[in-house]
Amino acid sequence: MTNYDGAIDAALTALHREGRYRTFIDIERHRGAFPNATWTRPDGTTREITVWCGNDYLGMGQHPVVLDAMHAALDEAGAGSGGTRNISGTTVHHKRLEAELADLHGKEAALLFTSAYIANDATLSTLPKLFPGLVIYSDALNHASMIEGVRRNGGAKRVFRHNDVAHLRQLLAADDPAAPKVIAFESVYSMDGDFGPIEAICELADEFGALTYIDEVHAVGMYGPRGGGVAERDRLMHRIDMINGTLAKAYGVMGGYVAASARLCDAIRSYAPGFIFTTSLPPAVAAGAAASVAHLKRDRGLRDLHQTRARTLKVRLKGLGLPIIDHGSHIVPVHVGDPVKCKMISDRLLEDHGVYAQPINFPTVPRGTERLRFTPSPVHTPEMMDGLVRGMDDLWSHCALSRQQLSA
């Protein structure tokens, strides 16, 4: 008979041996003080830390505008939504949020999901039901949610080399000109922080009669005059057919969405199981997200400060001679290239310096490209940045030596 416990133990042991076993860090956020937080160690003792790896990019998770809207909706509507969107789970807060998102992206409509992962998966897996014979062209470094949606849709797929427009053209040209086509890509790729070639992809889409699907998860709220993303910044939103975004990063709350034509949103709403059979977001969450989206349409100063913090951290880490991956976005990855060393630095930053930066290992990134990924925000003070830089300066060469000794 199968030894199930033994198989589980072997799988977990392999992760430990490879240095990529993932450990949850138990933290308690403090309203008004974040990114300061309290870390509870496994033995129950605590330490005050600064979070440097969160995706609450602008600190909106503690903004009074968001919290006030959530308190008001909670008092008005209670906790949960009580059902799916089709069965009692659509409230005025959900409708207001979808209207804010449609306006943000200059689209006729938006469709709200419980996460951007579900929005990507549900939409991309549903498109072949709407367009029989569909071929989806997917960037090689697309997020796992996009990959899963493309994989599950049962239609044809083509994977083009990352940001390689020439390769994409070859794939488009090789297929039946009459076949329906969708090009799926991202605006900001979260692990390297590089940008997708939006305009060049739109040109190919026009030439080959393809629809465009862009994931702006790591850009909405942060780029463009009103936070509509890189496509808004580059004045290309009108050339994108479907825009995916999140409410859990720059907007500081929870949820995901797709913005598109009213007809296309209606079709996805009607055909996507990931939408039809999922309980909708709590009204208070939808209300907080709507308030956040509306606020960031006006608050350009917060976006500008965010970019300044990111540029400053990159300059300071480069000054230490660290291998920064810099493509001009707000994401600050430091290439380590070894899972054990990556974990060692992360652990020591936390314990010795009170700096929390989770190691990024396979399968999130390819083997040999392990990294620490810092996400500076407007609520990170210069003093916090000083502490991070001192910690990296102290640990980088020390942990490199420790790893060599460990391997000897």
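## A tour outward from strand S7

Select strand S7 and strand S10 (residues 211-215) together: the two run parallel and are joined by five bridges. The model on display is a predicted one. Within this pairing, highlight Ala184 and then Tyr213 of S10, which is its bridge partner.

Keep S7 selected and colour residues 181-186 by accessibility. The strand is mostly covered, six of its six residues being buried. Next, show the side chains. Lys181, Ile183 and Phe185 point one way from S7, while Val182, Ala184 and Glu186 point the other way, and all are buried. This arrangement can be read against a general rule: in a regular strand the side chains alternate between the two faces of the sheet.

**The other neighbour of S7**

Add strand S5 (residues 135-139) to the selection. S5 and S7 run parallel, with four bridges between them. To locate the register, pick Val135, which stands opposite Lys181 in S7. From S5, proceed to S6: these strands also pair in the parallel sense, over five bridges. Here the residues to label are Tyr137 and its bridge partner in S6, Arg158.

**The seven-stranded sheet**

Now widen the selection to the whole sheet. Its seven strands follow the order S4-S12-S11-S10-S7-S5-S6, forming an open sheet with mixed pairing. At the edges are strand S4 (109-113) and strand S6 (156-160), each of which pairs on one side only. Viewed along the sheet, neighbouring strands are turned by 20° against each other on average, direction ignored.

**Helices across the sheet**

Select helix H5 (residues 144-152). H5 lies across S5, S6, S7 and S10, and runs at about 160° to S7. Then select helix H6 (residues 165-174), which lies across S5, S6 and S7 and runs at about 155° to S6.

**The four-stranded sheet**

Leave this region and display S1, S2, S3 and S14. In that order the four strands form an open sheet, again with mixed pairing. S1 and strand S14 (355-356) stand at the edges; each has a single partner strand, so one side of each is left without a neighbour in the sheet. Between the edges, strand S2 (residues 36-40) and strand S3 (residues 46-51) pair in the antiparallel sense over five bridges. Label Asn36 and, in S3, its bridge partner Thr50.

**A nonpolar patch**

Switch to a surface representation and select Ile8, Leu12 and Tyr21. Together they make a nonpolar surface patch of about 270 Å². Tyr21 is found in the loop between helix H1 (4-18) and strand S1 (27-29). Is Tyr21 buried or partly exposed? Its relative accessible area is 35%, so Tyr21 counts as partly exposed.

**The loop at Ser88**

For the last stop, centre the view on Ser88, in the loop between helix H2 (64-77) and helix H3 (92-105). Ser88 is exposed, with a relative accessible area of 55%. Its contacts, leaving aside neighbours within four places in sequence, are with Ser81, Gly82 and Gly83. Finally, draw a C-alpha to C-alpha distance from Ser88 to Ser280: the two are 192 residues apart in sequence and 9.3 Å apart in space.

Technical notes. Residues numbered from 1 in each chain as written. Predicted model: local features only at pLDDT ≥ 70, side-chain atom pairs only at ≥ 80, totals over all residues. Heavy atoms only, no water. Patch = residues over 30% accessible without salt bridge, like charges linked within 9 Å, V, L, I, M, F, W, Y side chains within 5 Å. Areas by Shrake-Rupley, 256 points an atom, 1.4 Å probe, with all protein chains shown as cover. Salt bridge = Lys/Arg side-chain N within 4 Å of Asp/Glu carboxyl O. Buried < 20%, exposed > 50% of the residue type's maximum accessible area, 1.4 Å probe, protein only. Pairing = 2+ DSSP bridges. Axes fitted to C-alpha atoms, helices over the stretch in contact; angles between N-to-C directions. Contact = heavy atoms within 4.5 Å.
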